[in-house]
Each structure stands twice: as C-alpha cells, then as structure tokens.
Amino acid sequence: MKVFFRLLYNINGGKMKDNEILGIIKEETQRQNQTIELIASENFVSRNILKINGSILTNKYAEGYPGKRYYGGCEVIDKIEILAKKYGSELFNAEHINVQPYSGSGANAAVYLAVLKPGDKVLALSLNSGGHLTHGHPLSSSGILYDFHHYEVDPLTNLIDYDELEKQALILQPKLIVGGASNYSRIIDFARLQDIAVKCGALLMIDMAHIAGLVATGLHPSPVPYADFVTSTTHKTLRGPRSGFIICRKKWASIIDRSVFPGLQGGPHLQTIAAKAQCFYDALQPEFKVYQNQILKNIKALESEFKALGVEIIAGGSDNHLLSINVAKTFGINGSEAEKLLDNYHITVNKNTIPYDPNPPLKPSGIRLGTAAMTTRGLKEDDFKLIAKTIFLILSGHVEETIKNNIETVLKNCQGVEKL
Ligand SMILES: *Cc1c(COP(=O)(O)O)cnc(C)c1O
C-alpha cells in the first residue's frame, strides 16, 4: 500500500521532480537497448509510428464514426480514420474493418458483446493449450459473462485435434467457436474450423493477435475468408502501435460498430488510429514481407540449434514467429527459474504453461520465445543460433565468460530502439 501511494504521488511535498518521467523513459530506453528481447508478443515500432502515436491527435474527441461524429471539428480527424480503414481493408481483404478498439482484449470483448447474451455457450482453445485469457478465463469478463468451454491440443503431438474438437462442438452446440492462440507454434487450419462451426450452427471468431504480420504477408493462411469475425492486436508481429481492430463480414458491420462504440468505448484514440493507418500502410510495402520472412528464418535457426542441443520443443518446432521449450524436462528447472536465470543476462522471455503441464501456473514447465522483436532490431540466423547456444549454457547452469561474450556479440549487431 505504501509503495502504491509513493508511486501515485511520489511523496516529495506532493510534487513530482521536474523531468522525473523523462528520466525514467531514458532508463527504459537503455534497458531495451541492452536486452535481447524474446517475448513473443513484443516488438519495436518505427520512429515514424512512435512520432504519430505521440502527436497532437491525442487532443481530439471524436465519438462516433467518420461523417457521424458527436463532436464538432472532426473534418481532419475523419480523414485519418478513413485512411486507416482503407489500408486495413486492403491489407487483409476485409469486407468491413473497425479500427477503434483500444486493444486486442477490447476487440474480443466487442465481438462477444455483439453476438452473445450472458450465459451463451462458447468453445475456445484452453489457456494451457495456448489460448488467451480473453478466451474464457474465469477471471476475465469473457469467463464471467459467458459459458466458455475449452478444447485442447493432442497430448502426444501438441497439435489441435480437429476431430476431437468437432465431436465436442457437435455435443456442446456453442453459439460461437473461437480460434487463434497466444502460444501455438503451428499453422491453424481455419477452413476446418469453419467447417466445424457450420456443422454445429456456430459463428466463428478467429483471434489472430500474434500472427497478424504473417497473415498480412501471406506467410500464414488468412482467417478472413473463413471467419465471421477476425480480431487482432496491432503491436505483435504486425509491428504497429499498442492497439486492436476487428474485421467482419458486411452483414455484421453495424452491430460490430455499435458494440465498439457506444457498447464498450467512448472517444477513439485518434493518435493510435493514425499510427495504425501507418502500420497497415507499412505492411502493404514489399519490405514488410522481407521482414516477416526473416522472422520465420530466425525461428527456424533457433529451432534447429535447440534441436541439435537436445532441447525439447513443444509441438516439435514452429511454423510461425514463436516456440516454447520444455525447460523442466530438458534442464530440470521450472519456467519461473529459467525466466530469472535468463533475466540475469538481459535475455527476456516469459514463463509459460505447456499442454497438460504437471506443474502449477506460477512454476510452469516451459518458456516461450519469439523472434519478431529482435528481427526488427536487425538480427539474422547466425545471431539466433548464438542466442540458442547461449540460452542452453545459461539454463544448464554454466557461469562463463563465453555467455557474456556471446551476448555482447549479439547486442553489437542490434540497431538502437529509437532508430528503427
Ligand atoms: C495479446 C493477445 C490478446 C490481447 O491483446 P491486448 O492488446 O494485450 O489486450 C488477445 N488475444 C490473443 C490471442 C493475444 O495473443
């Protein structure tokens, strides 16, 4: 409590020291520059997006939608939202896109609010199998308001068992099936999910938060032709500002728009919508595909080096930007210990449960690693091989000069986070 009040008021005669926050931002910039960032959901935005997202657009209220605002003075602002919608629709071949959600969680909540009544049945991938909290965790509004049931991956292959899912769906008869994940390293078969949804009379929502950049460049199949609703973040592989969006079929357009505003949100964050427009525009350029391809080359480098070292990879490897390793089995430590050991050397990862994890959530068996962020900073296959070797040395309990030298070598190849 004391700490909380100190944070809130920074008790110092009730006044914050001049430039205290700017000082902390400088400190965080240094931390980011000196870290090998492997958290699969993170990325580094371009200077351009940073500038737009910190612009005077933050000053404007614009409740409503272009041409139908509840405030005056929106004629310039409208151009921004129209552009964001144009580039977003073009990028994902969308019939309709809503670019106002503040985040991925908000985008999901808006779809639920649009099509579900409290207590309606939903079927989604379980958290342990790689799902997200907003897919029905008991502490999330999704789990509080709706009757979520979960499907799992196969215990042996760790792949989604579509036959089993179909059986479960036909018995449950859910109103909505949710596909997409936060920790699933293989291609998801959206056509099959659509087939299952049609068979049991359910609507289909695909949450592509993690893989949106790969989808945008055709390096992962797109869910858009198959799903009634596609939700996403913009800040993971898509490399845009911290935010979200929803794509849907034309017939759902007005109900989705009403659900976002006034259903869940008030004034849209125009500075972020402008940054989203820039992000969609950037993703339409040929260089973006080169970048996404490099993300995949880098995960393959990480994967092959781990395999050569005998590290157990969940689902046997990766088709996207992330993979999980079983540190309990490989190194005899839990994910939380692994996270701390790597943190000591400025390698940032997150602990993660693995499918059918025998260990409790705070001491899970795995860690999750992604290549999007460090690919943005310019790393290539050889760097990721060295990263895999170094992680192996650290987690097997070595304390050596080699580790420090390896990390220095990798960081020397990185561009600064303010210069991207
Ligand atoms: C990250 C993520 C979200 C949530 O996004 P926020 O912007 O953090 O709210 C939702 N769904 C999936 C699958 C995610 O990975």
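In which helix does I80 lie? In this predicted model, I80 belongs to helix 4, which spans residues 75-92. The residue is buried, since its relative accessible area of 17% falls under the 20% cut-off for that class. When neighbours within four places in sequence are left aside, the contacts of I80 are with L57, L270, I273 and A274. A further relation involves D189, which is separated from I80 by 109 residues in sequence and, from C-alpha to C-alpha, by 34 Å in space.

A second position considered here is S126, which is placed in the loop between strand 5 (121-125) and helix 6 (141-145). With a relative accessible area of 7%, S126 is likewise classed as buried, and, once residues up to four places away in sequence are discounted, S126 touches G131, H150, Y151 and E152.

Packing between helices was examined for helix 14 (residues 335-344) and helix 16 (residues 381-395). Two packed helices are described by the angle between their axes and by the distance between those axes. For helix 14 and helix 16, the axes come within 10 Å and cross at roughly 115 degrees; because angles from 65 to 115 degrees count as roughly perpendicular, the two helices are assigned to that class. The crossing of helix 14 and helix 16 is right-handed. On the side of helix 14, the residues that take part in the contact are A338, L341 and L342, and these meet I391, I394 and L395 of helix 16. Sorted by class, this contact of helix 14 with helix 16 comprises six nonpolar residues, with no polar and no charged residues.

At the level of the whole chain, the secondary structure amounts to 17 helices and 14 strands. The C-alpha atoms fill a box of roughly 65 × 60 × 50 Å when the extents are taken along the principal axes. For a chain of 420 residues, a compact globule would be expected to have a radius of gyration near 22 Å, and the value of 22 Å computed for the chain therefore agrees with that expectation. Of the 420 residues, 55% count as buried, and I80 and S126 both carry that classification. As regards contacts between residues at least 6 apart in sequence, 73% join residues at least 24 apart.

Key. Residues numbered from 1 in each chain as written. Predicted model: local features only at pLDDT ≥ 70, side-chain atom pairs only at ≥ 80, totals over all residues. Heavy atoms only, no water. Axes fitted to C-alpha atoms, helices over the stretch in contact; angles between N-to-C directions. Helix = DSSP H or I, 4+ residues; strand = E, 2+ residues; numbered from the N terminus. Parallel < 35°, antiparallel > 145°, perpendicular 65-115°, else oblique. Left-handed = near helix turned anticlockwise from the far one by under 90°. Contact = heavy atoms within 4.5 Å. Nonpolar A, V, L, I, M, F, W, Y, C, P; charged D, E, K, R; others polar. Rg over C-alpha atoms; globule rule 2.2 N^0.38 Å. Buried < 20%, exposed > 50% of the residue type's maximum accessible area, 1.4 Å probe, protein only.
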